[in-house]
Amino acid sequence: MPRLSERLQQFRSGSPLSFRLLAYILIFSSLFTLVASAIQIYSDFRRDLTAVENRMKVVETGYAASLARSLWALDQHLLQTQMEGILSLPDIVHLRLRILPDSELVMGSIERGIPTRSHSFDLTYSSNRTTSKLGTMTITTSLERVYSDLEDRVLMVLTTQFLKTFFISILIIMIFQHFVARHLTTMANYARELSIRNLSRPLVLDRPDNQINRTDELAKVTEAINQMRERLNEDIVRQEHDAEEIRKLSKAVEQSPSSVMICDRQWRIEFVNHKFTQLTGYHTDDITGKHPGALSNEQIQSRDNNQLWQAIRLQVQRVGVWQGEINSIRKNGERFWEQLIVTPIRNSAGRVTNYLILGEDISIRKRYEQQLLRQANYDVLTGLPNRMLALDRLKLALAQARRERSLVGVMFLDLDNFKHINDTMGHDAGDALLTEAARRISSCLRGTSTVARLGGDEFLVILPGLSSPEAASQVAERILQTFAPPHRLNDQEVFVTTSIGIAIFPTDSDNSGNLLQHADAAMYQAKNKGKSAYERFTPEMTEVSHERLQMETRMRRALELEEFELNFQPIVDTATGKIRLAEVLLRWNNPSMGRIMPDRFIPLAEETGLIIPIGAWVLQEACKAAIHWEQNLGVALNIAVNVSPRQFRDPGFIEVVMGALEQAGLKADRLELEITERLILDNSIETADILTQLDAAGIRLSVDDFGTGYSALSYLKSYPFDTLKIDKSFIGDVVEKQDDAALVRAIINMAHSLGLTVVAEGVETEPQTQFLVRHGCDYSQGYFYARPAPALEFEQWLKTNERATP
């Protein structure tokens, strides 16, 4: 390592960075030293002052009582002796004793210009429970010694700290010079000498090659400089390929799938590529020097283009880019939609030299957008406005009615029994029915009215400009009349009616939302009165609609709150009266609404889809109940569960059934699923597949309420059913009416000929039972044997009734 003198010579000869670093270190370290020293000195000064004050308080504590006694005894000699003793204490230079009432005794002197600190305390004497104030003693202390110590300390601290800071700074600078500054000088000299001619010589620093030096900042800078040298070498090689790259870019522009146009600063066309010529029909020679907005020969089109391009020019100058869609025209006069992007081309100084215009033919996309816009506002199946567009038109009709003080009729239509048609005849037939319904409704309206499909089988009719509420009723009557003729579906005549609810603006409400709700409530009232009818809204209907909404809301939480319960009714052998299986019946007991009958909540559950989780719960609990009776009572009963069409068509229905059996541990042949007759009439692949899978699993299948629908007997042999249940409407009059008796006998014989077991529902009397026995009905069910009962009551019935033993 060079000697100290040589190192200092290097500092003087040229290391400005080192000297600046030295200056900064000296300045900031000196400032820090001054602040730290000032804090320390001030702390010592405060400690000395505190010692002086404590000394005066000690005098008060030690001498106050004896001075008071001497003063009380008027012993002047003793008093003077005591004060001389106090005055002899360190730093105390003056005593003043004020004796009541007007005497004073002073000892010592205070020199002018010397800082002092004084302390006073009262002299009191106590005797015979009385305390007398005799005088006040004031002690004055000189701070000359304290300030003298402060000056010595300041001088000592500043001197030592400055020397320490100075020599440490020199040492830091020497280290910096050796480890950093000299290498920076080497780097600077290398950079000055670096040129294309000597790119092969790398930068090497004069220092040991070890792990630390290879990973510090100087090594990183050295590596960066050497990498820069290597990149310069690569750039020289790369420059040889630049001309070829430029040619490639030129070809890319020329062969680009987008049209390319380049204009000068005055927006005069300088270049167009092949795609532009192909797209517009204009060649380079035809348009060079022209403005892009002046290509059309039509005067009006040219004027509009000039205005558009003026706006484009202003936005490009202000924002730097313009992007949009314009309706362009080809050379042959054909119009097309074009997506344009206009951007400036700048030179290295940032000045605009040209303008780049990229174009793309989007005519096909625009057609798709128009199609999507129509799909967003119109129903795909019927072509009618959808809910969104209908609500917009309703709001416009209401706004116009407010201005003209006229009436607006709102009609809510729902097809009667549409779900039955859709389930039995298939979705294609349902779609055809909706299309025909839309046509019939539209044929009853005038041009200013609107008919829209809200979804499913629900339609909305808006009647603006009505003169009276009766006009809406007349339209409703015409619609009902158009639905009187049958519909032709799958070569079958089907009669489908509609229920209509009517609300009038502003009589029933002055906003669209309430009008729709009121019309909906009126429609449900029309359905409740027998369908194929219309109803005008009345305030009482709001309560009915609210009750329906309330029921739906509470039913959504009924499972969670365990409000549903299962009732069980036995199905017995008609000949012997012995029980063979039990049918599960669902009941709902709500704390607020009371006991709700199934005919009220089951249709709503099917409509809302809640029947799916409810049905799954019923299956699980029914299977558990059958296992419970077997384990606790020794009665191995089969269990029959009703399945709704909505539940049957759920994609996970089979998994739900098998899961309930597996969870309870019940054999599949002990579960019987009762399926409505309308599902049989739906001769679809899905229905057949589901029934086949259930039959293959061993589950028994039963046709419920046979004879109440469009009974197609030929369908019975197409599906793997085990049981046929005769509806109770036929059993009730089987003894009194010969027609019912003949029909029941025919059903029993037909079922037996197909290998089906027959169950009669609704048996309530002994003569009915005897009739069924005579004609070979296999099983019976009804109040004659037992009413439906909750689980505990049914279990008690099984224990006590002799017919409960299979």
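In the predicted model, the side chains of arginine 556 and glutamate 552 meet in a salt bridge, with a nitrogen-to-oxygen distance of 2.9 Å. Both residues belong to helix α16, which spans residues 539-558, and because they are 4 residues apart in that helix, arginine 556 and glutamate 552 are separated by about one helical turn. The two partners fall into separate classes of accessibility: arginine 556 has a relative accessible area of 47% and is therefore partly exposed, whereas glutamate 552, at 17%, counts as buried, since the limit for that class is under 20%.

A search of the whole structure finds 33 salt bridges, and some of these join parts of the chain that are distant in sequence. One of them is formed by aspartate 361 and arginine 330, whose closest N and O atoms are 3.7 Å apart. Here aspartate 361 lies in strand β9 (residues 352-361), while arginine 330 lies in the loop between β7 (322-329) and β8 (335-346), so that the partners are 31 residues apart. Aspartate 361 is partly exposed, with a relative accessibility of 35%, but arginine 330 is buried, at 16%. Arginine 330 also takes part in a contact of another kind, for it lies over the face of phenylalanine 336, at 4.2 Å from the ring centre. A comparable arrangement is found for lysine 366, which lies over the face of tryptophan 337 at 4.6 Å from the ring centre.

A further salt bridge connects the side chains of glutamate 761 and lysine 725, with 3.4 Å between N and O. This pair, too, links distant parts of the chain, as glutamate 761 is in strand β24 (residues 757-761) and lysine 725 is in strand β23 (residues 723-726), 36 residues apart. Both glutamate 761 and lysine 725 are buried.

Lysine 725 is also the nearest side chain of opposite charge to aspartate 704, a buried residue that has no salt bridge. Why does aspartate 704 have no salt bridge with lysine 725? The distance to lysine 725 is 4.4 Å, and the pair is not counted because a salt bridge requires the nitrogen and the carboxyl oxygen to be within 4 Å. Aspartate 704 itself lies in strand β22, which covers residues 700-706. Leaving aside residues up to four places away in sequence, aspartate 704 touches Asn642, Glu674, Ile675, Thr676, Glu677, Lys725 and Glu761, and this list thus includes both partners of the salt bridge between glutamate 761 and lysine 725.

Salt bridges can also be joined to one another, as is seen for Asp44, Arg47, Asp48 and Arg153, which are linked in a network.

Turning to the aromatic side chains, the count comes to 15 aromatic pairs. In one of these, the rings of phenylalanine 648 and phenylalanine 653 have centres 5.7 Å apart and planes at 50°, and the pair is therefore described as tilted. Both phenylalanine 648 and phenylalanine 653 are buried. In another pair, the ring centres of phenylalanine 784 and tyrosine 785 are 5.1 Å apart and the planes stand at 85°, so this pair is edge-to-face. Phenylalanine 784 is partly exposed, at 27% relative accessibility, while tyrosine 785 is buried, at 6%. Aromatic residues can also be grouped beyond single pairs, and Phe564, Trp588, Phe601 and Trp617 form one aromatic cluster.

Note on methods
Residues are numbered from 1 along each chain as its sequence is written. This is a predicted model: local features need pLDDT of at least 70, side-chain atom pairs count only at pLDDT 80 or more; totals for chains, interfaces and linings use all residues. Side-chain values use heavy atoms; hydrogens and water are left out. Helices (H or I, at least four residues) and strands (E, at least two) are DSSP runs, numbered from the N terminus. Buried means under 20% relative accessible area, exposed over 50%, partly exposed in between (1.4 Å probe, protein chains only). Lys and Arg count as positive and Asp and Glu as negative; His and the chain ends are not counted. Contact means heavy atoms within 4.5 Å. Rings of Phe, Tyr and Trp (its six-membered ring) pair if their centres lie within 6.5 Å; planes under 30 degrees apart count as stacked, over 60 as edge-to-face and the rest as tilted. A charge sits over a ring if NZ of Lys or CZ of Arg is within 6 Å of the ring centre and within 35 degrees of the ring normal.
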